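Welcome! Please open the model in your viewer and keep the selection tool at hand.

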Amino acid sequence: MCLGIPGQVLEVHDDAGLRMATVDFGGVRREVCLDYTPGADVGTYVIVHVGFAITEVDEAEAHRTLDVLRAMADAVETELGEPLP
């Protein structure tokens with residue numbers, strides 16, 4: 001199963017010419033490539049699929065989606081490698 005999971009950009013940095021970010025997924029933090037979402041910056045919520053932010057989303061929608069994903073714990077754990085807190 002492939003999921004796009006919403007998370008909030010906490011920090012943006014450059015890594016060998018790629019625009020990267022630390023993104024928080026409701027308590028789980030991962031490094032994510034922002035090259036497909038050039039408007040994303042600190043505080044922005046993005047949908048992430050296989051390590052790439054693919055679109056921006058508003059905060060309310062991000063929280064609603066995380067709530068649904070928490071209800072589907074096995075799918076989220078498979079995608080992130082650990083459960084959402």
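What follows is a walk from one selection to the next.

**Before you start**

This is a predicted model, in which local features need pLDDT of at least 70 and side-chain atom pairs count only at pLDDT 80 or more, while totals for chains, interfaces and linings use all residues. Residues are numbered from 1 along each chain as its sequence is written, and side-chain values use heavy atoms, with hydrogens and water left out.

**Stop 1: the helix**

Select residues 59–71, which make up helix α1. Helices here are DSSP runs of H or I with at least four residues, strands are runs of E with at least two, and both are numbered from the N terminus. How far apart are the end C-alpha atoms of α1? They are 19 Å apart, which agrees with the 18 Å that the 13 residues should span at 1.5 Å a residue. The expected span is 1.5 Å times one less than the number of residues in the helix.

Now pick out Ala 62, Leu 66 and Leu 69, which are buried residues of α1. Turn the view to look down the helix axis: the buried residues fall within an arc of 60°, so they line one face of α1. That arc is taken from the directions that run from the helix axis to the C-beta atoms. As for the word itself, buried means under 20% relative accessible area, exposed means over 50%, and partly exposed is in between (1.4 Å probe, protein chains only).

Next, select Asp 58, which caps the N-terminal end of α1. One of its side-chain oxygens lies 3.1 Å from the backbone nitrogen of Ala 60.

**Stop 2: the salt bridges**

How many salt bridges are there? The count comes to two, where a salt bridge is a side-chain nitrogen of Lys or Arg within 4 Å of a carboxyl oxygen of Asp or Glu.

Stay on the helix and show the side chains of Arg 64 and Glu 61, whose closest N and O atoms are 2.7 Å apart in a salt bridge. These residues are three apart in α1, so about one helical turn separates them. Arg 64 is partly exposed at 47% relative accessibility, and Glu 61 is partly exposed at 31%.

For the other kind of setting, select Asp 24 and Arg 29. Their side chains meet in a salt bridge at 3.6 Å, N to O. Are these two partners buried or exposed? Asp 24 is buried, with a relative accessible area of 18%, whereas Arg 29 is exposed at 53%.

**Stop 3: along strand β2**

Asp 24 lies in strand β2, so keep that strand selected (residues 18–25). A polar atom of the Asp 24 side chain lies 3.4 Å from the backbone nitrogen of Gly 26.

Thr 22 also has its place in β2 and is buried at 15% relative accessibility. Which side chain does Thr 22 touch in a polar contact? Its partner is the side chain of Glu 31, at 2.7 Å. A polar contact is a pair of N or O atoms within 3.5 Å; within protein, one must be able to donate a hydrogen and the other to accept it, and residues adjacent in sequence count only if both atoms are side-chain atoms.

**Stop 4: two loop residues with positive phi**

Most residues other than glycine have a negative phi. With that in mind, select Ala 16, in the loop between β1 (5–15) and β2. Its phi is positive, near 55°, and Ala 16 is exposed with a relative accessible area of 79%.

Then move to Val 50, in the loop between β4 (45–49) and β5 (52–57). Val 50 has a positive phi of about 45° although it is not a glycine, and Val 50 is exposed at 57% relative accessibility.

**Stop 5: a surface patch**

Keep Val 50 and add Tyr 36, Phe 52 and Ile 54: these four form a nonpolar patch on the surface, with about 420 Å² of accessible area together. Patches are made of residues with over 30% relative accessible area and no salt bridge; like charges are joined within 9 Å, and nonpolar side chains (Val, Leu, Ile, Met, Phe, Trp, Tyr) within 5 Å. The areas come from the Shrake-Rupley method with a 1.4 Å probe, and for residues only the protein chains shown count as cover.

**Last stop: strand to helix**

Finish with Tyr 45 in strand β4, a buried residue at 10% relative accessibility. Draw a line from its C-alpha to that of Leu 66: the two residues are 21 apart in sequence and 12 Å apart in space.
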